[in-house]
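Here are my notes for you to read alongside the model. I've kept them as numbered points, so you can check each one against the structure.

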Amino acid sequence: MRTDRLVLGAFLALLLVVPAVLSPFYVTLLNYIGLYAMVALGLVLLTGVGGLTSFGQAAFVGLGAYTTAALTTAQDLPGWLAWAGSSPWLTLVIGLVLTATVAVVLGSLTLKLSGHFLPLGTIAWGISLYFLFGTMESLGGHTGITGVPPISLFGWVLDEGGEIYYLIWAFLLLAVFTTQNLLDSREGRAIRALKGGMVMAEAMGVNTARSRMIIFVIAALHACASGWLYAHMQRFVNPTPFGLHIGIEYLFMAVVGGAGHVWGALVGAGLITVLKQWLQDLLPKLFGASGNFEVIVFGLMMVLVLQRARDGLWPILKRLVPVRGVQKTIDPNAETLPRRTLPKAGELILEAKDVTRKFGGLVANNNMSLTVRAGEILALIGPNGAGKSTMFNQISGVDTPTSGEVRFLGKPVAGHDSREIARMGMSRTFQHVKLLPTMTVLENVAIGAHLRSHKGVLSSAWRLDRDEEARLLKEAAWQIERVGLKEHMYEEAGSLALGQQRILEIARALCSDPCLLLLDEPAAGLRFKEKEALGELLRKLRSEGMATLIVEHDMDFVMGLVDRIVVMEFGQKIAEGLPDEIQRNPAVLEAYLGGVD
Ligand code: ADP
Ligand code: MG
């Protein structure tokens, strides 16, 4: 049996017997840990993985708690609504729907904010919701709502700590399980790309705004479920536990535990809860005065964790317990993903006509025209500052020309975002390599296939996406093999040499099944051997019918490789032709050899 399953099994068995062996005090403590961990888990997804910091999660806990408390205790619900308060299970559903709605509204207002504005935004709505709970007469003001009924499950009334304990931990384990599944899927890879890989992800067809909204809503739903359980455990609610400082504490738990790891949420919640309890008893005795000394200790601890263990405690714990992640296996029998039929060799696929791009007074591209045909490699070369990257941006749709037009497969490129262009069959690599360094080569390449599959969040969370996932991974593995990185498939992308990272980017681009590859300075920073390998790969792709546009600075690299060359200087085309002709062209020689380059 695998060690990770063994450890998990032992942990589950331990959880099962706890209420029988521990005193009610500790059972209650564990209940709190479970409730907190559920909120922290949402933050692991939102902040640790997705890079979106929220201080406002406690407000969503409050939303869950107040919804169920208000509905289940209401005496005077109008007849048509009386059903709503008849069972806590119904109010859970209502709470989740309400929370999702509020999260979508808040998310669409705040998620667009960048930098420190997003955390500030979460603080703002955290405070607003808190005061709403406290001031609404119907919610009992600051005294809150009492007499919340217990939850019953198939006639079993969970009115004791040792009973609701099982429900809390079942919810938590389910949340951990589904979150873990989600992260290990197509949607999960898109989510993991949010932190530090947005531009790349968009170019691979990921709708990053949607991914951000997804994790925001999921985190809010986790918080809401925690609030629902809390209300029925305490049997009363008041605004205090849903304030901003508790919101900060949740974030604290996620960071201390290990913000990027699902089990980190549990470690963080457990540690903080136990420590808080312990320090609350100990410190006043130590100092001989009463006060919230634990807050000060927590502050110091936070600084220490951020200093010493950026990734939190979970990675450290994991090293102590010999649990190894399971390597993904490639199923050779998985169905192959459908491929587009490549245009016939020689067919015109890309046409840039009189493209001019001005930046204020500077004309970076001046009346540039070029064409790329199926099955050829075209190089766009020129000295530094000639306007190659600018032209690349006009072609790939990242930027829009001041005048002129770029058409790809007969359709104009302007006005489409990176995602649509990727869908049309144009795929690119980046001048400065953009990959996710802690993800494996396989996972990085699989992001390229994002648009070739459709399974969403729910099917990923419940593992209903496995057939499709197998097809995606098979495709990614095939592309990795195709570019010659097979033996690095399971290594972290960040550990590869620069040359290999560039090759990885090509595999990722190929994974989207393009008919045109755009490469911006693929040979920059490569050693001679690496350049040779790259040249070899591009030749092979050409023989398979791929069209490639290379933007390059290195004339030697392109000469022996490409079919045609367009030379730029000062934003203009100064020559176009076969490599031989270009090598003999006086204007080119002047620009290249006569110039500083
Ligand atoms: P290359 O890739 O050939 O080295 P670029 O296309 O990056 O050249 O740059 C061409 C010229 O356009 C340079 O003078 C550069 O400073 C200018 N340029 C490029 N992008 C911008 C921008 N976003 N704003 C202003 N000037 C720019
Ligand atoms: Mg450039």
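1. Which residue of β11 stands opposite A379? The answer is I565. This is a predicted model, so please read everything below in that light. A379 and I565 are a handy place to start, since they put you right in a strand pairing: β5, residues 377–381, is joined to β11 by four bridges, and the two strands run parallel.

2. Stay with β11 for a moment, as it has a second partner. Strand β12 covers residues 572–577 and pairs with β11 in the antiparallel sense, over five bridges. Two of the facing pairs are easy to pick out on screen: V567 is opposite A575 of β12, and V566 is opposite E576 of β12.

3. The link between β11 and β12 is brief. The two strands form a hairpin with two residues between them. One residue to look at in the turn is F570, which has a positive phi of about 50 degrees. As for cover, β11 spans residues 564–569, and five of its six residues are buried, so you can call the strand mostly covered.

4. Now the ligand. What lies around ligand 1? The shell consists of F359, L362, A364, P383, N384, G385, A386, G387, K388, S389 and T390. Sorted by class, that gives five nonpolar, five polar and one charged residues.

5. How is ligand 1 held in terms of polar atoms? I'd look at three distances, each from an oxygen atom of the ligand. One such atom is 2.6 Å from an N or O atom in the side chain of T390. On the backbone side, there is a polar atom of K388 at 2.8 Å from a ligand oxygen, and one of A386 at 3.2 Å. Taken on its own, ligand 1 has 570 Å² of accessible area, and the protein covers 57% of that.

6. Two elements each give two or more residues to this shell: β4 (362–373) and α14 (388–395). The largest share is three residues, and it comes from α14.

7. That makes α14 worth a closer look. Is the helix enclosed or open? It is largely enclosed by the rest of the structure, because six of its eight residues are buried. Those buried residues are K388, T390, M391, F392, Q394 and I395; K388 and T390 are also in the shell around ligand 1. Just after the helix comes G397, with a positive phi of about 80 degrees.

8. Next, S427, which is in strand β8 (residues 426–428). Is S427 buried or exposed? Its relative accessible area is 1%, and the limit for buried is under 20%, so S427 is buried. What does its side chain do in there? The S427 side chain reaches the backbone oxygen of A509 at 3.2 Å, and it also makes a polar contact with the side chain of S512, at 3.1 Å.

9. The wider surroundings of S427 are worth displaying too. Leaving out residues up to four places away in sequence, S427 touches M204, A509, S512, P514, L516, L517 and L518. A509 and S512 thus turn up both in this list and as polar partners of the S427 side chain.

10. A second buried spot is I168, in helix α6, residues 161–183. I168 has a relative accessible area of 0%, so it counts as buried. Beyond residues up to four places away in sequence, I168 touches N31, G34, L35, L229 and M233. Another pair to check is I168 and S226: 58 residues separate them in sequence, and their C-alpha atoms are 8.1 Å apart in space.

11. Finally, the chain as a whole. The protein chain has 23 helices and twelve strands. Along the principal axes, its C-alpha atoms fill a box of roughly 90 × 55 × 50 Å. Of its 597 residues, 53% count as buried. The exposed area is about 26800 Å², with carbon and sulfur atoms supplying 61% of it. Among contacts with a separation of 6 or more, 76% are between residues 24 or more positions apart.

Note on methods. Residues are numbered from 1 along each chain as its sequence is written. Chains are lettered from A and ligands numbered from 1 in the order in which they are written. This is a predicted model: local features need pLDDT of at least 70, side-chain atom pairs count only at pLDDT 80 or more; totals for chains, interfaces and linings use all residues. Side-chain values use heavy atoms; hydrogens and water are left out. A residue is near a molecule or strand if one of its heavy atoms lies within 4 Å of it. A polar contact is a pair of N or O atoms within 3.5 Å; within protein, one must be able to donate a hydrogen and the other to accept it, and residues adjacent in sequence count only if both atoms are side-chain atoms. Accessible areas come from the Shrake-Rupley method with a 1.4 Å probe; for residues, only the protein chains shown count as cover. Ala, Val, Leu, Ile, Met, Phe, Trp, Tyr, Cys and Pro count as nonpolar, Asp, Glu, Lys and Arg as charged, and the others, Gly among them, as polar. Buried means under 20% relative accessible area, exposed over 50%, partly exposed in between (1.4 Å probe, protein chains only). Contact means heavy atoms within 4.5 Å. Two strands pair if DSSP finds at least two bridges between them.
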